[in-house]
Amino acid sequence: MRLTLLLILLAGAAIQPAAAQSFQKHHITAGLGLALPGNELKTVYNNAFSWSFGYGYRPIRYLQADIGLDTAYNAARVNEFLSNPQFGYVRIRDFEFMMPVGGRVVLPIADGKYHLYSGGGAAYMRYTERLRQPSQFFNVQCPVCQARDGWGHYFLVGGDVALTSGGALRLGVTSRVYQGTTDGPSVGEIPAVRTRDRWVNTYFHLSLSF
C-alpha cells in the first residue's frame, strides 16, 4: 500500500511540470512539397509539385484538431487550349485538391522545442481542369473543363522544431497518406469510372503558433 502511494506521488510529481508548461492553441501552417499518386492513379497520373495550408486548434497540450487544403498541380498532365474570341487561345491545366479534416496526437520533447505527431481523419478529394485566366480582372468561363471528386480518409506523421525561444515559429516536415475513391468525368487519362485513389503528400512547412 505504501509502495503504491509512493509510486502515485512520484508519477504526479513527474507529470505536474509538463502539465504546467504553457503551449500555443492556434497553429497556422503553410508548406511546399511533392504529391505522389498511387493505386489506380499510378499509371495515369504523375508526381506533382504541391503546396499545403492548414489550421490546427489545440485545446490541450497533446491533442490538436485539424483542417487543411493540399493542392497538386498538373499531375494529370492536362495541356489543352480553349479558343476565346477576345483573348485567343487560353491554356487549360489540371489541379488536384485534397481537404483533410481530423486530428492528431502531439508529443512535445525537450520542453516543447521539438514536436512529434501522428493522426488522421476524413478527406474530400477533387480533381479539376481550370483555365489559366488572362488577367485578374477577367473570368473566362470554361465549358469544356471537367472535374471528378469523392471521399476517403487520411493519416499523417510528422514533426517540427521551434525556431524561436517561445515556439511561435516552427519548421517541420509532414507526410499525409490519402486513401479514397473518386468518380466523374475523365480528367487527364483517368477513365470516367469510379477509381480507388491514393496520394502520398510530403511537405516542408513553417508554422505560426499563438
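**Aromatic contacts and a nonpolar surface patch**

Trp-151 is exposed, its relative accessible area being 59%. In this predicted model, Trp-151 forms an aromatic pair with Tyr-124, in a tilted arrangement with 5.1 Å from centre to centre and 55° between the planes. Because Tyr-124 belongs to strand E6 (residues 114-131) and Trp-151 to strand E7 (residues 147-162), the pair ties together parts lying 27 residues apart in sequence. Tyr-124 counts as partly exposed, at 23% relative accessibility.

Across the whole structure, the search finds eight aromatic pairs. Among them is the tilted pair of Tyr-73 and Phe-95, for which the centres are 5.2 Å apart and the planes enclose 50°. This pair links distant parts of the chain, with Tyr-73 in strand E3 and Phe-95 in strand E5, 22 residues apart. Tyr-73 has a relative accessible area of 30% and is therefore partly exposed, whereas Phe-95, at 18%, falls under the 20% limit and so counts as buried. One aromatic cluster is formed by Tyr-45, Tyr-127 and Trp-199. A contact of another kind involves Arg-104, the charged end of which sits over the ring of Tyr-117 at 4.6 Å from the ring centre.

A nonpolar patch of about 770 Å² is present on the surface, made by Ile-28, Tyr-55, Tyr-57, Ile-67, Leu-69, Met-99, Val-101, Leu-208 and Phe-210. At least two residues of the patch are supplied by each of strands E2 (48-60), E3 (63-73) and E5 (88-109). Tyr-55, located in strand E2, is partly exposed at 34% relative accessibility.

Conventions
Residues numbered from 1 in each chain as written. Predicted model: local features only at pLDDT ≥ 70, side-chain atom pairs only at ≥ 80, totals over all residues. Heavy atoms only, no water. Patch = residues over 30% accessible without salt bridge, like charges linked within 9 Å, V, L, I, M, F, W, Y side chains within 5 Å. Areas by Shrake-Rupley, 256 points an atom, 1.4 Å probe, with all protein chains shown as cover. Salt bridge = Lys/Arg side-chain N within 4 Å of Asp/Glu carboxyl O. Helix = DSSP H or I, 4+ residues; strand = E, 2+ residues; numbered from the N terminus. Buried < 20%, exposed > 50% of the residue type's maximum accessible area, 1.4 Å probe, protein only. Phe/Tyr/Trp six-rings, centres within 6.5 Å; stacked < 30°, edge-to-face > 60°. Lys NZ or Arg CZ within 6 Å of the ring centre and 35° of its normal.
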